[in-house]
Amino acid sequence: MLGVCYYPEHWDESRWETDARRMVELGISFVRIGEFAWSRIEPSRDTFTFEWLDRAIDILAKAGLQIVFGTPTATPPKWLVDECPDILPYDRDGRPRGFGSRRHYTFSSQTWWRESARIVGIIAERYGRHPGIVGWQTDNEYGCHDTTMSWGPEDLKGFKRWLRLRYQSVDQLNAAWGSVFWSMELNSFDEVVLPNLTVTEPGPASRLDFWRYQSEQVAAYDRMQCDIIRKHSPGRWITHNFMGFTLDFDHFKVGDNLDLASWDSYPIGFVEKFPFSEDERNRWAETSHPDIAPFHHDLYRAVGKGRFWVMEQQPGPVNWAPWNPVPKPGMVRLWTWEALAHGAEVVSYFRWRQATFAQEQMHAGLNLAGLDEWSPGGQEAGRVAEELAALGTLPETDTAPVALVFDYQSHWMTKIQPQGRDFRYEELCFRWYEALRRLGLNVDFVRPGAGLEGYALVVVPCMTEVDEATRAALEAATGIVLIGARSGSRDRTFRFPENLPPGPLADLTGNRVVQVSTLRPGLSDPVDGAVSGAGIRWREYIETSGSVLATFEDGSAALTQKGRALYLACWADEALLSDVLTLAARQAGLSTLSVPDFIRIRRRGNLVFAFNYGTRDWTLPEGAVPVLGETVLRPQGVAAWRTA
């Protein structure tokens, strides 16, 4: 099904009925509203103007649209900021981040929690049982604009409370943080300071705890909203629209509050956000990299416990990246089908009509700016709606043969202490995912500690702290397990494990890491043996009781195996990573494909989808009879065929 994001408060009321009718005519089933409307709902304290919103909801519902209501807490109004300045967040330099855009609050403010609970309760009580409202979205894009972390007085108070509960005594806090180093010992919790504004690097354990605290605040804040909504709006589902490449809080823990996850897909914008090379950015500027959207589809399917939406789908050029090209013709259709192929229940476009004013007026919509006239993206959305109607119900999404264990805390820990400037956890995981997808394999993301039964291949690109549940899950896995460098390299207090890395994984891998080296750009360490290529950025010097499958140039182990467990002791370049994952897939008994690097394959039940991100035609495999598209897959084209 398809949806759209709509802002009735932006348009004259005389247009609402026409908009609703045209949505249905285009093939839209769902419409999200409300997430930025606080100042129109409550223009001053306890003065509510619900009448316009009542009429808008009734008009949309009467047209047959199913409504998703977004709580408006991402945009506290000016009167509230003036009345309660303690809700404002602070940047790393200790300066308040003020009113005038959005997301101007800190999760640490108790005042903000009370005000959020008040407005969410009032709205949920008024509309919670409206027959047109089928679901809710909490807030909007937690963490967007670098807003997970705040460094102000309210954050310090909240952090102190959190530490008292966690450690009970200051002696235990000092021990956990290693405060004896550089004479950082504290005499009481009152002496705790935030880990910013220091002369040089603050203690890594204190930084990790502050990150954990802020992440837990996000999840708890979301749970508060969910509890209120469920009280007043029984039988409706709840989601949150996560962002791409935003790892500052644990999305799995927020997902625990939700009925399904959703995310906001801006594939071209994220080309600029991700650390691609300039050649890659130029190559994918008008299509996006073939794995940016799929990476997040598979991640958020896991966060949503098997259910996800795309709440905002890019329908054309956006406004917020350093450069904002027009997508090549066909890409809006391709992105929509790709999300559905990965299991999305709904793809919802942002937005219905391009705005004629304010910050996002350069952001495309399904209609041209201010007009009732389809944009190129709107025309492609209409084509998808027709194709969906012709194809019928899509099959259920199967469990993938490959599991990728994804850990938000490993991002925090490697960012706190990267050791090499270009060690980026999200980039490492993305490159492993990309290599798996180039082999034609479906991939499931799995949270740390979850069961791994039924997966033929389990990959762990990096997991710095391996807790007992994760160790047990990896040892109980029945498939091949491939573990990457830096895994098991720290404990929960950021110390080295007593037996050296990989710590809890030593018995599983048979390895002990005695030294690590970070390689600056331009340097590499050749690898040869059962696989070949080079280690870049990071390599380890290991002792092993396992079999050595490949070595570095100096003869030390680069790839080892003990039983079902493979261990890769470096950040692999493209050639080495492809070889290693091909070897692991072969050992796992998986069939792989050889397709051009601009083609991606995704299976959903008995439907096989193919997507062409390139500039050349590609012919479907012999015997494939397309039920969508044609046998020759044109650039920016989509095809699907059925298997037995």
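Here are a few notes on this predicted model, for someone opening it for the first time.

1. Start with helix H1, residues 16-26. Its buried residues are Trp16, Asp19, Ala20, Arg22, Met23 and Leu26. Looking down the axis of H1, these fall within an arc of 165°, so they line one face of the helix. Turn to the other side of H1 and you find Glu17 and Glu25, which are exposed.

2. What covers the buried residues of H1? The cover includes strand E1 (2-5), strand E2 (28-33), helix H3 (51-62) and helix H14. Just after H1 comes Gly27, and its phi is positive, near 110°.

3. Next, have a look at Arg353, in the loop between strand E9 (347-349) and helix H14 (376-391). Is Arg353 buried or exposed? With a relative accessible area of 1%, Arg353 counts as buried, because that value is under the 20% cut-off.

4. Arg353 has plenty to show in terms of contacts. Leaving aside residues up to four places away in sequence, Arg353 touches Trp11, Arg15, Asp19, Gly365, Asn367, Leu368, Gly370, Leu371 and Asp372. Asp19 also appears among the buried residues of H1. As for Trp11, the charged end of Arg353 sits over its ring, 4.7 Å from the centre.

5. A second arginine worth a click is Arg486. Arg486 lies over the face of Phe423, and the ring centre is at 4.6 Å.

6. Now for the aromatic rings. The model has 54 aromatic pairs. One of them is Phe107 with Tyr142, an edge-to-face pair with 5.8 Å centre to centre and 70° between the planes. This pair links distant parts of the chain, 35 residues apart: Phe107 is in the loop between helix H4 (78-83) and helix H5 (110-127), while Tyr142 is in the loop between strand E4 (133-137) and helix H6 (153-167). Phe107 is buried, at a relative accessible area of 1%, and Tyr142 is buried too, at 1%.

7. Another pair to check is Trp352 and Trp374. These rings are also edge-to-face, 5.6 Å centre to centre with 85° between the planes. Trp352 and Trp374 are 22 residues apart, and each lies in the loop between E9 and H14, which is where Arg353 is found as well. How exposed are the two partners? Trp352 is buried, with a relative accessible area of 1%, whereas Trp374 is partly exposed, at 27%.

Key
Residues are numbered from 1 along each chain as its sequence is written. This is a predicted model: local features need pLDDT of at least 70, side-chain atom pairs count only at pLDDT 80 or more; totals for chains, interfaces and linings use all residues. Side-chain values use heavy atoms; hydrogens and water are left out. Helices (H or I, at least four residues) and strands (E, at least two) are DSSP runs, numbered from the N terminus. Buried means under 20% relative accessible area, exposed over 50%, partly exposed in between (1.4 Å probe, protein chains only). Contact means heavy atoms within 4.5 Å. The arc is that of the directions from the helix axis to the C-beta atoms. Rings of Phe, Tyr and Trp (its six-membered ring) pair if their centres lie within 6.5 Å; planes under 30 degrees apart count as stacked, over 60 as edge-to-face and the rest as tilted. A charge sits over a ring if NZ of Lys or CZ of Arg is within 6 Å of the ring centre and within 35 degrees of the ring normal.
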